[in-house]
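Take a walk through this protein chain, one part after another. Keep the sequence beside the model as you read.

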Amino acid sequence: MQDGQRHDGRTFQQSIAGCLEGAIGEYGLAPSVHSAWLDRIGPHVETLKDDYRTGKLPLLRIADEDQDIADAEAAYARLSQGAKTIVFFGTGGSSLGGELFAQFAGWNIAGVALPGQRNRPRTRFYANLDGGTLQSVLQSLDLPTTRFVVTSKSGGTAETLAQAIAALTAVKAAGLEAEIPKLFLGITEPDKPGKANGLRTLFSKFSIPMLEHHTGIGGRFSCLTNVGLMPAIARGLDPRAIRAGAKGVVDALLESSGPQDFAPAVGAATAVALSKEKGISTLVMMPYADRLGRLAAWFVQLWAESLGKGGEGTTPLGALGPLDQHSQLQLFMDGPRDHYLTVVRVASQGVGPRIDPDLARIAGADMLGGHTVGDIVSAQSHAVPEALARAGRPVRTIDIAKLDEKTIGALAMHFMIETILAGRLLGVDPFDQPAVELAKILTKERLAKGA
Ligand SMILES: O=P(O)(O)OC[C@H]1O[C@H](O)[C@H](O)[C@@H](O)[C@@H]1O
């Protein structure tokens, strides 16, 4: 089955029909070619099942854990007492998963807060290091009612340590030193003999409570651990429902009789086949919902850092619909034939304000009259894949019936497994990122020289 992937049958529906010759002619994959790539990914799907059984890939077992959620909830309950703002410091995989869930709960969409978030402290993320930003943030925050959650798996990331130290310094300068254990929380790996963990050492000095970062799950795969679930909890989401959605994908893996009925395998085989057979070098992730905006940013790190090695990999690009129809779509439709789009759309018919027909007529936009804004977005999110297909541009669609925690958990697990499978199909290790080290070493050298 190449279309309408069953997945876990409940949370969303994937279709790669728009990548095949039948839909887009010569620019699409011939069914025999697509099948050959599915055959190639088959053994990797079996290996993944073994990884679940043997526990070799803890990510696949994360949905079976619960104590870590209870610990995170208890830590949040303590931390949030008297808090008006919670600041999250961390970078890369130590921020993007949290941002994904926080935005799903309305963060960074002005005027949108899900019911679970109301009356909770505001959440803020500073994933990027910027001296000017940090100065003005630390000066403007009401420090007695601000809490800082600092996340770093290694505990040695320079950006995160700089943020943590700057915040500690600001808190001390405000005369709040005695309050520090109440104002801060760290998430980092447990002590490992012979491995320095700067964050742990620093926070221990101040008796700051720590949650343990899962040792078997790296940053960009950590959104379902306390790293991503702490911000989710802060935004009032149900972390167990997120995990239940993720578990549905793992169950689908274990139940699958072959790669063709496991959606992440179909997704991975299709992406790799398009790059190897049709010269596709750019993968565009384009959700049509503000609440899924950070999904694209999270996916970009996941795909880029996991697969871009040894000369392999394709370039992930984030987009947001319908906004980017007015920005990048021209290129996707008519630029070089090297883009492959994933359109993630949410059933939105009947959602939002209804457009007054009289006003629409006056504005010369009769076709909008009587429709809701959700109707318009729905029409757009169906029209764009159709237009892309007509232009011979490969497109995958992911249809979401209901945007809830289960769905976002399932989507996260889907894309993480898809990325792992793509890596294994390409013969690269999806879990390391050796090439980023050089820039870190050169940064340290420059700082040591006083540059
Ligand atoms: O969680 P940390 O150890 O601080 O790492 C944060 C990030 O920085 C590293 O340089 C890696 O490139 C990322 O994969 C990682 O997510």
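Helices here are DSSP runs of H or I with at least four residues, numbered from the N terminus. By that count, Gly 236 comes just after helix 10 and takes a positive phi of about 80°. The model is a predicted one. We will come back to helix 10 below.

Start with the overall layout. The domain assignment splits the chain into two domains. Domain 1 is made of two stretches, 6-52 and 241-434. Domain 2 covers 61-239. Their C-alpha centres lie 30 Å apart.

Where do the two domains touch? On one side, 24 residues of domain 1 are in contact, and they meet 24 residues of domain 2. Three elements each give two or more residues to the domain 1 side: helix 11 (239-255), helix 13 (293-307) and helix 17 (405-426). Helix 13 gives the most, with nine residues. By class, this side of domain 1 holds 13 nonpolar, four polar and seven charged residues.

Now look at a sheet with the strand order 1-10-9-7-8. The sheet is open, has five strands, and its pairing is mixed. Strand 1 (12-15) and strand 8 (315-318) stand at its edges. Each has a single partner strand, so one side of each is left without a neighbour in the sheet. Neighbouring strands are turned by 15° against each other on average, direction ignored.

Follow the edge at strand 1. Strand 1 pairs with strand 10 (residues 395-400) in the antiparallel sense, over four bridges. One residue to find is Ser 15, whose bridge partner in strand 10 is Thr 397. Helix 13, met already at the domain contact, also packs on this sheet. There helix 13 touches strand 7 (282-288) and strand 8. The direction of helix 13 makes about 170° with that of strand 8.

Next comes a second sheet. It is an open sheet of five strands in the order 3-2-4-5-6, and here the pairing is parallel. Which strands stand at the edges of this sheet? They are strand 3 and strand 6 (210-212). Each pairs with a single strand, so one side of each has no neighbour in the sheet. On average, neighbouring strands here are turned by 20° against each other, direction ignored.

Strand 2 (residues 85-89) deserves a look of its own. Is it mostly covered or mostly open? Strand 2 is mostly covered, with four of its five residues buried. It pairs with strand 3 (residues 122-126) in the parallel sense, over five bridges. Thr 85 stands opposite Arg 122 in strand 3. Phe 89 stands opposite Tyr 126, also in strand 3.

Two helices lie across this second sheet. Helix 9 (residues 198-205) lies across strand 4 (146-151), strand 5 (184-188) and strand 6. It runs at about 150° to strand 5. Helix 10 (residues 226-234) lies across strand 2, strand 3, strand 4, strand 5 and strand 6. Helix 10 also runs at about 150° to strand 5.

How many residues of helix 10 are buried? The count is nine of its nine residues, and the helix is mostly covered. Among them are Asn 226, Leu 229, Met 230 and Ile 233. Beyond the end of this helix sits Gly 236, with its positive phi.

Then turn to the ligand. Around it stand 14 residues. Gly 92, Gly 93, Ser 152, Thr 157 and Gly 219 come nearest. The shell has one nonpolar, ten polar and three charged residues.

Two single residues round off the walk. Asp 358 has its place in helix 15 (residues 357-362). Why is Asp 358 called exposed? A residue counts as exposed if 12 or fewer other C-beta atoms lie within 10 Å of its own, and Asp 358 has 8. The C-alpha atoms of Asp 358 and Gly 370 are separated by 9.2 Å, and the two residues are twelve apart along the chain.

Ala 30 sits in the loop between helix 1 (21-24) and helix 2 (31-54). With 13 other C-beta atoms within 10 Å, Ala 30 is partly exposed. Leu 224 is 194 residues away from Ala 30 along the chain, and their C-alpha atoms are separated by 36 Å.

Methods:
Residues are numbered from 1 along each chain as its sequence is written. This is a predicted model: local features need pLDDT of at least 70, side-chain atom pairs count only at pLDDT 80 or more; totals for chains, interfaces and linings use all residues. Domain bounds come from an automatic or database domain assignment. Two residues are in contact if their C-beta atoms, placed from the backbone, lie within 7 Å. Ala, Val, Leu, Ile, Met, Phe, Trp, Tyr, Cys and Pro count as nonpolar, Asp, Glu, Lys and Arg as charged, and the others, Gly among them, as polar. A residue is near a molecule or strand if its C-beta atom, placed from the backbone, lies within 6 Å of it. Two strands pair if DSSP finds at least two bridges between them. Axes are lines fitted to C-alpha atoms, for helices over the stretch in contact, and angles run from 0 to 180 degrees between N-to-C directions. A residue is buried if 20 or more other C-beta atoms lie within 10 Å of its own, exposed if 12 or fewer, and partly exposed in between; C-beta atoms are placed from the backbone.
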